[in-house]
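Notebook open, coffee poured. I wanted to look up how the strands, the helices and the nonpolar residues fit together, one entry at a time.

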Amino acid sequence: MTERMAPGRPDEDSAALAELLGSVVRTLEPEPDVDSTLEHIVQAVAATVPGTENAGVTLLEGGSVRSVAPTSEVVAKLDRLQEDLSQGPCVDAVFEGTVYRTGNIGADTRWPEFAGAAAGLGIRSMLGIRLFTSSANLGALNLYSTEFDAFDEEAENISTLFAAHAAIALAGSRRQEQLRNALATRDTISMAKGILMERHRITDEQAFGLLVRTSQRSNRKLHDIAQWLVHEANTHGRTG
């Protein structure tokens, strides 16, 4: 657990903050998968940002959002509720602005339906920070507290810096995952073409065309067709 900084002179505080952020950022190297990266980000935020009791991430995928790496069941419930209502500081941080902060969610009129539910679960303060890079909107980093006015300007500034570094780590993890998926898809399609070439004595181009036509007629993805064919060949043997 990261220790909170004791009050000191401004220059000492700045140096201590820079050192703290530097040490935390070094833990945000891209993991083998997106969810692992997000879990490390959330753990680091919960241990670092003043006032934070729980945290999570609202991840933007294909125009919709999903809750990832919540540190408690309450966070998971509130994240799902924001998704269902399309309302709340975390959703707004994704789609409307970059930072949304409230110190009394139950009395906040910006999110009337969500506010009552959050207060009913004991949440008083929330802070939503958009996760983005120059080329992508990735989602939002979400901080929760059962205390009123738990997040001040300092917490917001630290969270914003943190979110900038976290977004870079997340974007890197996504690129790695996309590359792995692309390579796996290519390999599966290559194996499927080989099976068709052997079975039907056709060329590479003809085998690929057969996969494409089957994909179009069945309204299924090309990779799914190839994966089925490879599985079928491995299970039943390559019989014509």
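**Entry 1: strand β3.** I began with β3, residues 99-102, in this predicted model. Which residues lie on its covered face? I found Y100 and T102 there, while V99 and R101 make up the uncovered face. Next I looked up the partner of β3, and four bridges join it to β4, residues 125-132, with the two strands running antiparallel. I noted that R101 of the uncovered face stands opposite L127 in β4.

**Entry 2: the sheet as a whole.** In what order do the five strands of the open sheet come? I read it as β2-β1-β5-β4-β3, with antiparallel pairing. β2 (64-68) and β3 are at the edges with a single partner strand each, so each has one side without a neighbour in the sheet. I also looked up the turn between neighbouring strands, and it averages 20° with direction ignored.

**Entry 3: β5 and its neighbours.** I then moved to β5, which covers residues 137-145. Eight of its nine residues are buried, so the rest of the structure largely encloses this strand. On the β1 side, I found six bridges and an antiparallel run, with A55 standing opposite L143 in β5. On the β4 side, eight bridges join the strands, again antiparallel. Here L127 stands opposite L143, and I129 has L141 as its bridge partner. I put L143 down twice in my notes, since A55 faces it and L127 faces it as well. How many residues does the hairpin use to join β4 to β5? I got four.

**Entry 4: α2 on the sheet and against α6.** I checked where α2 (34-48) sits, and it packs on the sheet, touching β1, β2 and β5. The direction of α2 makes about 145° with that of β1. Against α6 (153-200), I noted a packing angle of about 165° and axes 9 Å apart. That angle is over 145 degrees, which means α2 is roughly antiparallel to α6. Is the crossing of these two helices left-handed or right-handed? I have it down as right-handed. From α2, the residues meeting α6 are V34, T37, L38, I41, A44, V45 and T48. On the α6 side I listed F162, A166, A169, L170, S173, R174 and E177.

**Entry 5: the nonpolar cores.** As a reminder to myself, nonpolar side chains tend to be buried together in soluble globular proteins. Here I looked up the largest nonpolar core, which has 28 residues. Which of them have the most contacts inside it? They are L38, V45, L131, L141, L143 and L170. I found that α2, β1 (54-61), β4, β5 and α6 each supply at least two residues of this core. The largest share, eight residues, comes from α6. I then picked L131 for a closer look, leaving out residues up to four places away in sequence. Its contacts include V57, A136, L138 and L141, and also A163, A166, A167 and L170. Last, I wrote down a second, separate core of 17 residues, with A93, A115, I123 and Y144 among them.

Note on methods
Residues are numbered from 1 along each chain as its sequence is written. This is a predicted model: local features need pLDDT of at least 70, side-chain atom pairs count only at pLDDT 80 or more; totals for chains, interfaces and linings use all residues. Side-chain values use heavy atoms; hydrogens and water are left out. Buried means under 20% relative accessible area, exposed over 50%, partly exposed in between (1.4 Å probe, protein chains only). Two strands pair if DSSP finds at least two bridges between them. A nonpolar core is a set of buried Ala, Val, Leu, Ile, Met, Phe, Trp, Tyr and Cys residues joined through side-chain atoms within 4.5 Å. Contact means heavy atoms within 4.5 Å. Axes are lines fitted to C-alpha atoms, for helices over the stretch in contact, and angles run from 0 to 180 degrees between N-to-C directions. Angles under 35 degrees count as roughly parallel, over 145 as roughly antiparallel, 65 to 115 as roughly perpendicular and the rest as oblique. A crossing is left-handed if the near helix is turned anticlockwise from the far one by less than a right angle, and right-handed if clockwise.
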